[in-house]
Amino acid sequence: MRILRFTVNGDLVEIGANDSETLLEALRDRLGLTGTKRGCDLGACGACTVLLDGRPILSCLLPVWRVQGRVVTTIEGLAEGPKLHLLQEAFHMAGAVQCGFCTPGMILSAKAYLDTNLNPAQGDIREALAGNLCRCTGYVKVVEAVKLAATWMRDTTEREAAR
Amino acid sequence: MIGKSQPRIDGVSKVRGTAMYTDDIRLPGMLVGKLLRSPHAHARVLHVDTSAAEALPGVKAVITGRDLPIAYGMLPVSQDEHALAVDVVRHVGEPVAAVAAMDERIASRALDLINVDYELLPAILDPSEALVRNDVKIQDRAVEANVERRVRLVFGDVEDGFRRAVHVRKDRFTKKGAGHASLEPHAAIASFTQDGLTLWTATQVPHYVHRTLARVLQMPMERIRVIKPTLGGGFGGKGEPMPLELVASALAVRCGRPVKITYDREEVFFTNRGRHAYTMELETGVTAEGLITAVRFSCLLDGGAYGSFGVVTLYYSGQLLTLPYHVPALEFQGARVFTNKPACGAQRGHGGVAPRFAFEVQLDRIASDLGLDPVEIRLRNQVRSGDVTINELKVTSCGFGECVEAAAEAVGWSRRRGRLPRGRGVGLAGGAYVSGAALPIYFNDMPHSNVVITADRDGGVTVLSGAADIGQGSDTMLALVAAEVLSLPMEAVRVVAADTGITPVDLGSYSSRVTFMAGNACRQAAEELRDKLFAGAAEKLGLAVEDLELRAGVIQKISAAEPAMSFGEAVAAAEGAGVPLTGVGGYRPPDLAGRYKGGGVGPSPAYSFGAHAAEVEVDELTGEVRVIRLAAAHDLGRALNPVAAEGQVEGAAVMGFGETLLEIHEVDGHGRLKASDFLEYKFPTSLDAPEVESLLVESNDPQGPFGAKEVGEGSLHPAIPAIINAVYDAAGVWIHDLPLQPHTVRAAISRGGS
């Protein structure tokens, strides 16, 4: 057991954790952040994706002690109060959510990608989401949602630049 | 509102990560349960020593098969399972004992301390061996050798049909097993208090879980409450009672504390209930014009160790062959055998998928033999609205022809079929499916779906339904139907569903029944509520009911400019003496069963139809097939919520694509799973999946809610043969064995044909 301090969704947290404990376990069982999903425990499905210092990682594979002093963003940290992140809005409006189990990881992978490229081609989006398995949608509306969000985010960026 | 795309009512909670799935629930004092599983494919359990596990600090209870001795099963004829093996284990991974402990690590350590003495028995892993081997009996109830059931159905004059045929083809096809691979693993939490047992569980069928818990735990149903939280995908894999539900409940009773069990991914694969492996022989006769004269079909289903839904799977395999083409005579013979493997059961498109693959590929071969266009042969044989098939399936609405034309058009069929450069091709196939089964799984006279709607003076309504939203969006469908009838915005409709302690019974999410059945029940309930509202408002306003209309949350005199009364005020008026305002509805299918043994499987109040066109690229050097796109046309009667319907079609088409090229659920020579995780079990990623264009065809079923029929399952069937038929167009080879393997394609190409 060791004491760890790190930032989750803007809050500094301090937890005691076992040496073999994964970030996924700590998030779900110690911090109550159950939006991060446990689908395979093998880093194969992507449902446990969170952002570590802004980059997508598989929290089921990462020992929690590795996040000491770092910044973790989970799906719960994306919206600003009642206001959804544009990606969340786009997933909702485009019908990209069915069972929703892959959705948190999918949205976070998409966010990490769009943070680097707001003009993605269809193939780029599919590549960016290749580590996030979905069994419901066939990915069609997921790709559409990311495209839609990219458009909205571009508009926002342009509006902000114009101001 | 009907016919306009609506976002899901649970969508915001899902994108925020706040939707509560079963494993997200934590109760005070909750223990963790875990199952010990058999390493052997077939063995007698001689002795289970739990003493060391019980002595481990933090372990609260250990149970074995002796603690849950009552058998259960999905069908009345298949009560052959135990939550924990009693005397015999019949497949690798079968649960043998279970522990409840303070946490997962202690529970895992405790499992290591349980000692099981096994006496190994010979295992049967080959279904053809299961057919004949009498010295090994996997289930005592097998009728002969290890055959669970043999079926023979004959309709029409088959001999005469083949005599009339000018061309007859006989082909053999195989398909390996596949799994559902829902992203959410099974999970269940049981809590036992003075109020009885409450089970939160990831199930498609709360009602059947409820019944099974009562049976196995010997507890009255009214002392048990089953709740389905948000569910992360089912596809049939959560469509029957599962060991963890019974074990968590037994442990909670034993410990007096809540117990949670969540399967890991390997356990999900051990649980299986996925698509059966099939071996099929199909013989079809046609006239010179390509009209079908007779069909003879036989199949062998590898059932695995238990019955599950298997007898239904077997009947569906033959019964659904009479749609979407006119088949004047059919002989169907099939057998389902027991083998020492995880049991197969129902998976999206249940029963019809493998036979449809065989039929559609053979139909293309027949067209090719006769020099007919595959589209043309389908249109010539199509069933139509009003037809009754030779096995007594009644077609109430049919847009099959339109589906074929729409799919063909989408890939430029007439310009491109047979005319694309070598290595590229287009193919097409059809299909049909039930909108729920006309008969329930166990005989009873309950309605299949019940809905209660209560109205409140706040201006909103609450829909109570037992239907299980498994991700397909049934809660949103119910809200939409109620909102449409009551002219309310979606936000004014709350849905409380799938809680046997609160909601009226619904049989669950299987056989693509929910929109049709729960949708009809909801519509009826909403209409009753509306009638009561009108009566109350008319009295209060001194107007006749006929003069009133309900529009955008207000009741007003027809075409009057001024609103007369808000919805909430009308509720208050209609409450009269102070009794709450409710509407109730129920749906029971008409009596449609065929008048023959087996005539209960196949009949449905309405059938969906579909046709997919695939465009593929075949690398002739490697044999690899790339599916560029699928145009998926589906006659769903009416699209209540187009964006949701498209999502169903797209998801089903891609699942069909996965079964065509990637997915295999099978065991090695020791009965161990060849693929027990998501690295080995390959299903489509975003990079594999083709582009899918969903084409919704609306035939407006006379009995469907606002004309709607099923959409989620039937839209899988045509994808598989459409791809295989496209491979022929691209490379000139016919593939009869699924999944398609590059080396077989390459070998066929080098042989210069099939």
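The exercises below concern a predicted model with chains A and B, and each is followed by a worked solution.

**Exercise 1. The contact between the chains**

Determine how many residues each chain gives to the contact, and which helices of chain B supply at least two residues to the side that touches chain A.

Solution.
- Step 1. Count both sides: chain B contributes 44 residues and chain A contributes 41 residues.
- Step 2. Assign the chain B side to helices: α1 (11-16) and α17 (642-661) of chain B each supply at least two residues.
- Step 3. Rank the contributions: α17(B) gives the most to this side, with eight residues.
- Step 4. Sort the chain B side by residue class: 19 are nonpolar, 14 polar and eleven charged.

**Exercise 2. Two domains in chain A**

Find the domains assigned to chain A, the separation of their centres, and the make-up of the domain 1 side of their contact.

Solution.
- Step 1. Take the bounds: the domain assignment places domain 1 at 2-77 and domain 2 at 86-162.
- Step 2. Take the centres over C-alpha atoms: those of domain 1 and domain 2 of chain A are 22 Å apart.
- Step 3. Count the contact: 15 residues come from domain 1 of chain A and twelve residues from domain 2 of chain A.
- Step 4. Locate the strands on the domain 1 side: β3 (49-52) and β4 (55-58) of chain A each supply at least two residues. β3(A) gives the most, with three residues.
- Step 5. Classify the domain 1 side: seven residues are nonpolar, six polar and two charged.

**Exercise 3. An enclosed helix**

Decide why helix α9 (residues 310-319) of chain B can be called largely enclosed, and name the elements its buried residues pack against.

Solution.
- Step 1. Apply the burial cut-off, which is 20 or more other C-beta atoms within 10 Å of a residue's own.
- Step 2. Count the residues that pass: ten of the ten residues of α9(B) are buried, so the helix is largely enclosed by the rest of the structure. Among them are Val311(B), Leu314(B) and Tyr315(B), and also Gly310(B) and Gln319(B).
- Step 3. Identify the surroundings: the buried residues of α9(B) pack against β7 (147-155), β14 (292-302), β15 (330-337) and α10 (353-370) of chain B.

**Exercise 4. A sheet of seven strands and its helices**

Write down the strand order of the open sheet of seven strands in chain B, find its edges, and place helices α3 and α7 of chain B on the strands.

Solution.
- Step 1. Order the strands: β3-β5-β1-β12-β9-β10-β11 of chain B, with mixed pairing.
- Step 2. Find the strands that pair on one side only: these edge strands are β3 (59-64) and β11 (224-227) of chain B. From one strand to the next the twist averages 20°.
- Step 3. Check one pair: β9 (residues 187-193) and β12 (residues 259-262) of chain B are antiparallel over four bridges. Ala187(B) is opposite Thr262(B) in β12(B).
- Step 4. Place the helices: α3 (residues 104-112) of chain B lies across β1 (31-37), β3 and β5 (95-101) of chain B, at about 30° to β1(B). Helix α7 (residues 243-255) of chain B touches β1, β3, β5, β9, β10 (196-201) and β12 of chain B, and its direction makes about 30° with that of β9(B).
- Step 5. Examine α3(B): Ile106(B), Ala107(B) and Ala110(B) are buried. Their directions fall within an arc of 100° seen down the axis of α3(B), so they line one face of the helix. The spacing fits a general rule: an α-helix has 3.6 residues a turn, so residues three or four places apart point the same way.
- Step 6. Name the cover: β1, α2 (51-55), β3 and β5 of chain B are included in what covers these buried residues of α3(B).

**Exercise 5. A sheet of four strands**

Trace the open sheet of four strands in chain B through its bridges.

Solution.
- Step 1. Order the strands: β19-β18-β17-β23 of chain B, with mixed pairing. The edges are β19 and β23 (581-587) of chain B.
- Step 2. Pair β17 (residues 449-455) of chain B with β18(B): five bridges join them, antiparallel. Val452(B) has Leu464(B) as its bridge partner in β18(B).
- Step 3. Inspect the turn: β17(B) and β18(B) form a hairpin with five residues between them, and Gly459(B) in the turn has a positive phi of about 95°.
- Step 4. Pair the edges: β18(B) and β19 (residues 493-497) of chain B run parallel, joined by five bridges, while β17(B) and β23(B) run antiparallel, joined by seven bridges.
- Step 5. Add the helices: α14 (residues 474-486) of chain B runs at about 140° to β19(B), and α15 (residues 514-541) of chain B at about 150° to β23(B).

Terms used
Residues are numbered from 1 along each chain as its sequence is written. Chains are lettered from A and ligands numbered from 1 in the order in which they are written. This is a predicted model: local features need pLDDT of at least 70, side-chain atom pairs count only at pLDDT 80 or more; totals for chains, interfaces and linings use all residues. Ala, Val, Leu, Ile, Met, Phe, Trp, Tyr, Cys and Pro count as nonpolar, Asp, Glu, Lys and Arg as charged, and the others, Gly among them, as polar. Domain bounds come from an automatic or database domain assignment. A residue is buried if 20 or more other C-beta atoms lie within 10 Å of its own, exposed if 12 or fewer, and partly exposed in between; C-beta atoms are placed from the backbone. Two strands pair if DSSP finds at least two bridges between them. Axes are lines fitted to C-alpha atoms, for helices over the stretch in contact, and angles run from 0 to 180 degrees between N-to-C directions. The arc is that of the directions from the helix axis to the C-beta atoms.
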